[in-house]
Amino acid sequence: MRYMATYDLMETLRNTNQWLGASALSFASYPVFSMVPNPALQWMAAWGEVTERTFQRMVVKPDWGIRTFTCDDGKDHLVNIETVVPGDFGDLIHFKVTGRETKPRKVMLVAPMSGHYATLLRSTVLSLLPDCEVYITDWHNARDIPVSAGKFDIEDYTLYLVDFLRHLGPDTHVIAVCQPAPLTLAATAYLAEEDPDAQPRSLTLIGGPIDPDATPTDVTDFGNRVTMGQLEEMMIQRVGFKYNGVGRMVYPGLLQLSSFMSMNADRHSSAFADQIQRVMKGEASDHDAHNRFYDEYLAVMDMPAEFYLSTVERIFKNCEIGKNEFTINGKHVDIGKITTVAVKTVEGANDDISAPGQCVAALRLCTGLPDEKKASHLEPGAGHYGIFAGKSWRNNIRPLVLEFIDQNSAAPAKPAKKAARPKVVASN
């Protein structure tokens, strides 16, 4: 009950702040006050509007907002979001553009399970839609998953990716963004040994902590500053009575959000103060730059406790991927078994979350892959967000990734079977 009470307390505080914002907006907007304009009331109304929206967004899953798409024929085509592989903890979904011929490039985007929804990659999806058939992993909020669905740790995550890749087939090109990069590499190595015909054609790893010890940052080094017992005590809560996942142990999205915000507290404080001023002056709008960013940034999801704890312990503390010691159900997943899947890494020179050196370590681990199947790119001046959704992605990285996909779209040649040696029959 202690963990459950704490979870409900956090939700109560969030709900109270939302209510305070709505109350301030309603009170300060009372029509009779307009007879005598008062700057204090105008500020209160603006504060209330910004505050209500801020705390309301924290429990709302953002919509993809991708409804139509202009194709080469100049016509707008509807985009249907279809679930192709359902799962308790996540689905594989397809952005199907109706009335358009199927594009030869089939891309599976692996979205992070790190506190935000897959919609964080909305702009990445939009940038790939003109040239690709786009699929993406859509992870579910752990608070909505009943306890009866069982556990979900990094081994289960990896096996989900294996199932998704088996469904899509070998003509798939995978792009893994940030947190899932190590596990996507492991899933590819797992297929290389267990089901070689289901391997993707290429694998692009963007800003992922393959080897966190290569160039530690404050984020990747966090796990080394606390024990697993401290982490479980500080970060893990039990879902309260309001949600379908009541009783499930989770790492709450609100805690993750507070960590995100504290990293750049001054910048966020200034952004909200400026937004209040814009609302007072009537310069703000429902979809202005501030609201577009924070509607996505503030929408957080809970992670299963076992996934969060196993990520910290096995990926960051023990560095199992970086040391090629990762196991699934006790069996070693040897990254050196990857011999045909082309692998490309992308890093941002100014990435303060997964610094340069962490992701490119994947190429060192692919000992069975010929050099012509390996590629890397370091984007000058780019931060973490920019290498998959910002200007650096749109202008520089995306064309390079598409070129890499095209270069590795042909099916790899299968090794020729050795001719059977003729039997020698002894004569009498």
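## Where helix α9 ends

Let's start at a small landmark: glycine 282 follows α9 and has a positive phi, near 75°. Helices here are DSSP runs of H or I with at least four residues, strands are E runs of at least two, and both are numbered from the N terminus.

This is a predicted model, in which local features need pLDDT of at least 70, side-chain atom pairs count only at pLDDT 80 or more, and totals for chains, interfaces and linings use all residues. Residues are numbered from 1 along each chain as its sequence is written, and side-chain values use heavy atoms, leaving out hydrogens and water.

## The two sides of α9

Helix α9 spans residues 265-281, 17 in number. From first C-alpha to last, α9 reaches 25 Å, close to the expected 24 Å, a span defined as 1.5 Å times one less than the number of residues.

Its buried residues are His268, Ala271, Phe272, Gln275, Ile276 and Val279. They sit on the same side of α9 because they cover an arc of only 135° around the axis, judged by the directions from the helix axis to the C-beta atoms. Buried means under 20% relative accessible area and exposed over 50%, with partly exposed in between (1.4 Å probe, protein chains only).

The buried residues of α9 pack against α2 (39-57), α8 (253-263) and α10 (289-297), where contact means heavy atoms within 4.5 Å. On the face turned away from that buried side, you will find the exposed residues Asp266, Arg267 and Lys281.

## The whole chain

Stepping back, the chain has 13 helices and 14 strands. Of its 428 residues, 52% are buried.
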